Amino acid sequence: MLRLRHPVSLLIISLLVMFGVLRSYSSPAPVEADAPDVVFSAIRAEAILRDLLPENMPHVSGSPYNTVVRNRVVSHLESSGYEPQIQSRFHCNPMFGSCSPVENIIAVKPGSEGKNAVLVTAHYDSGWAGPGAADDGAGTSTILEIARMAADFPSFRNDIIFLISDSEENGLIGADAFAEHHPLFENVKVVINLEARGVAGPSALFETGDGNRSIIRMFSNNVNRPTGNSLVYEIYKRMPNDTDYTVYKRKGVMGVNFAFAQGVSVYHSAIDDPDHLDLGSLQHHGDNTWGMLKSLGERDLNTIMSREDAGYMDVFAKRLVHYPVSITGGLALFLGVWVMLAIGLAFRKEFRFRQLRWGLVAIPYLLITIVAGGYLLSWPLGHWPDLHPLEHPYPWAGRLALFLMLGLAGYSTLKLFSGRVSACAWMIMGWALIFILGMVLTSKLPAASHIALLPLALFGLASVIDLFRKKSPAPLLFASLFGFATATLISFYHFFMLDVVMNFDQSHIKVISFWMMALAVMPMLLAFVKERDLTWQPAKWLLAAILTACLVHLFLPGFTAERPRDMALKYSEVDGEEKGYVVLESLYKTHDRKYAKGHDFVMTELNSGRLGTVERPAREVALLGLPGIWITEQPGRKVEGGWSREFEAHLPDGSRVLRLAIPQETGLTKAWVNGELALDKSIETKHKNTIDSLQLVYPGGGPVKFEIHTTSPEEFTLAAVTWHDLPSVLIAPFMGNWPDEAQPFAYGPRAEKIQEFKLSAVESSRTSP
Ligand SMILES: [Zn+2]
């Protein structure tokens, strides 16, 4: 029988833990349509989704096709017995300077007590490029199926408000309209929001309101397959992403925000259609929503806000480990002292202080080698191949190369330091480092302290078993094994977590997650190799295996028809210029070079439409002569804190979007569109307030009144971009050899007219000399 701390046993433990962790990154099997009504079925929800989007067309809020989709959503609610109402207005979200028509769909299941309400919400509008089956058709169809299930259910204590919101993609405009103007909003005490940032994978809890201790406990108790990690929430807070829940959270409403995030290259693309949606993600959305809805429906929502936050992390998507952040400081200290004592007692006879000297070299050597190895591999794995910035369709060869690199880093440490560093010295220093990490996290990022506290806790608990074992040649065997298994769990969990948000060009960052595992495994390996002579031969084999894995990786395609690159054609013309351009647009800047060359696209300096230039692959074509806007200006005046300028923009019929860019030095502070506040730069956002632009989506024809407040009275230039449909005859010559693995993303194909206007200085500001 293999001894427990034999390297092969440790490898088997690591692999078992890794496969367990992969469960946290996979979605459940969809439940069939004949399942009883108290169970959510992804197959039933999929039928709804296909009924909403049979044409597979984009349906941006305000577009004619969005009306078609809206009518289908309404008729589903009606056939489930609801009387849906539409909240209809032209609205602006001053957080983003963005305006559009809004048609929110609202249905209510009255509660027995009423007054307080649970808001269950997803948005039905799509982005410009695709039908948005995952984002957020999945959320919409989940809510429609849940609303149908809930209709037959006895009343809950609280009202349930189903809000299928509009115009999320243009800047959370529908949610803002609901929160600012709908009378039902004041009853809302908690929100369940469903979103997507991809087309596959688990529906993870990635955001909550502040004071989430209580709702995290509910999530843990009422959801079968909880996935989520409070570190993700900490990262998300620092990312420039928002969802409808941002609006409600800013108003202090508690909530749970679920999204799936794999298959990000299909997100917002032309093929975000029902065929590309992982039905397991839909199932997970439904299970999470139904579990939370039933328990929140019955709960006293006046006490849903806790005084503090919880840290949490799921283990194999089976259980949620969660803890109040207030205990982390004391707990870290207690566990650290316990672990240090256990090690000290176990090795009190053989420990000498001078053993630590080589540890001071060996441990940094291993940790640095891991990151350096990741950095070196980031070139063949990430920089050299043509890749999407966030996702690889075939990631396992690259992952294997990284795992083998870890093996090489570990083996070289053993070869160099075996005989110099004792197992005991490494154990003391390794676990002391984990303890220090725990103390740092509890003070800086307490909701992420489980990263260090879980391995410490398991090491500590298992040391009790060792205490009662008969004296053996392997002191702290169980503590080491459990500590190692938990450190491995933490390492793989966070490796795959980073894998969802970065590609192999960031390999050096991803492999940092393996520091924990490396620190915990080395004492056992050092003990194992103590009496053995190590040669460099295994290191050579490992190196050969790494190079082979890299080679295989380099031959794998970085883009496939299922995981496409983003590339679209747009037409651009600037007012007053003689030629127009067909531009090969790729927002991630990963356009197909072969295609560009084959169709004579050359890098060209173009007007960005934001008072600057950008370099893009483009080709000159004859001018289309698109209609633009014209502006009439009123005289400016002094207002508190600055200057007010008013102008009217006359828009051509049929323009999809008007974007105005205002130079930063003008000091735009606030803006109104047709009398409604459209931008307020004093609102703190994650976007660092860099937005000095106004956007109108489907504004209709005719004049639009703008009033802007600036800190400078000087004359300035304003850039205006108008979007029109892209005439297919214009791009037909470019469509030959269009690569299968390229799809429009985000804004999609369009024709844009760029104009610049001078707005005059405010006269009264001139003082005569
Ligand atoms: Zn969305």
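The chat below goes through a zinc site, two helix pairs and one covered helix in a predicted model.

Q: Which protein atoms are the donors of the zinc ion, and how far from it do they lie?
A: In this predicted model, the donors are NE2 of H123, an OD atom of D135 and two OE atoms of E195, and they lie 1.9 to 2.4 Å from the zinc ion.

Q: And what do the angles make of the arrangement?
A: The four donor atoms subtend angles of 54 to 138° around the zinc ion, so the arrangement is irregular; to count as tetrahedral, four donors would need all their angles between 85 and 135 degrees.

Q: How are the donor residues spaced in sequence?
A: The spacing reads H-x11-D-x59-E. The pair of D135 and E195 links distant parts of the chain, since D135 belongs to helix α4 (residues 133-151) and E195 to strand β5 (residues 188-196), with the two positions 60 residues apart.

Q: Are D135 and E195 buried or exposed?
A: Both D135 and E195 are buried.

Q: Switching to packing, what angle do α3 and α4 make?
A: Helix α3 (residues 64-79) packs on α4 at about 20°, and their axes are 9 Å apart. That angle is why α3 counts as roughly parallel to α4, and the crossing in which α3 passes α4 is right-handed.

Q: Which residues meet there?
A: From α3 the residues are V73, H76 and L77, and in α4 they meet T140, L144 and A147. Helix α4 is also where the zinc donor D135 is found.

Q: What about α12 and α15, how do their axes cross?
A: Helix α12 (residues 396-417) and helix α15 (residues 477-501) cross at roughly 140°, with axes that come within 13 Å. The two helices are therefore oblique to each other, because an angle has to be over 145 degrees to count as roughly antiparallel. Their crossing is right-handed.

Q: And which side chains should I look at between α12 and α15?
A: The residues that meet are W396, R399, L402 and F403 in α12 and F492, F495, F496 and D499 in α15.

Q: Last topic: how many residues of α5 are buried?
A: Seven of the nine residues in helix α5 (residues 173-181) are buried, so the helix is mostly covered. Those buried residues are I173, G174, A175, D176, A177, F178 and A179.

Q: What covers them?
A: The covering elements include the strands β1 (85-93), β2 (98-109), β3 (117-123) and β4 (159-165), together with β5 and helix α8 (244-250). Strand β5 is also the element that holds E195.

How values were computed:
Residues numbered from 1 in each chain as written. Predicted model: local features only at pLDDT ≥ 70, side-chain atom pairs only at ≥ 80, totals over all residues. Heavy atoms only, no water. Donors = N, O, S within 2.8 Å, 3.2 Å for Na, K, Ca; no water. Tetrahedral: all angles 85-135°; square planar, octahedral: opposite > 155°, others 65-115°. Helix = DSSP H or I, 4+ residues; strand = E, 2+ residues; numbered from the N terminus. Buried < 20%, exposed > 50% of the residue type's maximum accessible area, 1.4 Å probe, protein only. Axes fitted to C-alpha atoms, helices over the stretch in contact; angles between N-to-C directions. Parallel < 35°, antiparallel > 145°, perpendicular 65-115°, else oblique. Left-handed = near helix turned anticlockwise from the far one by under 90°. Contact = heavy atoms within 4.5 Å.
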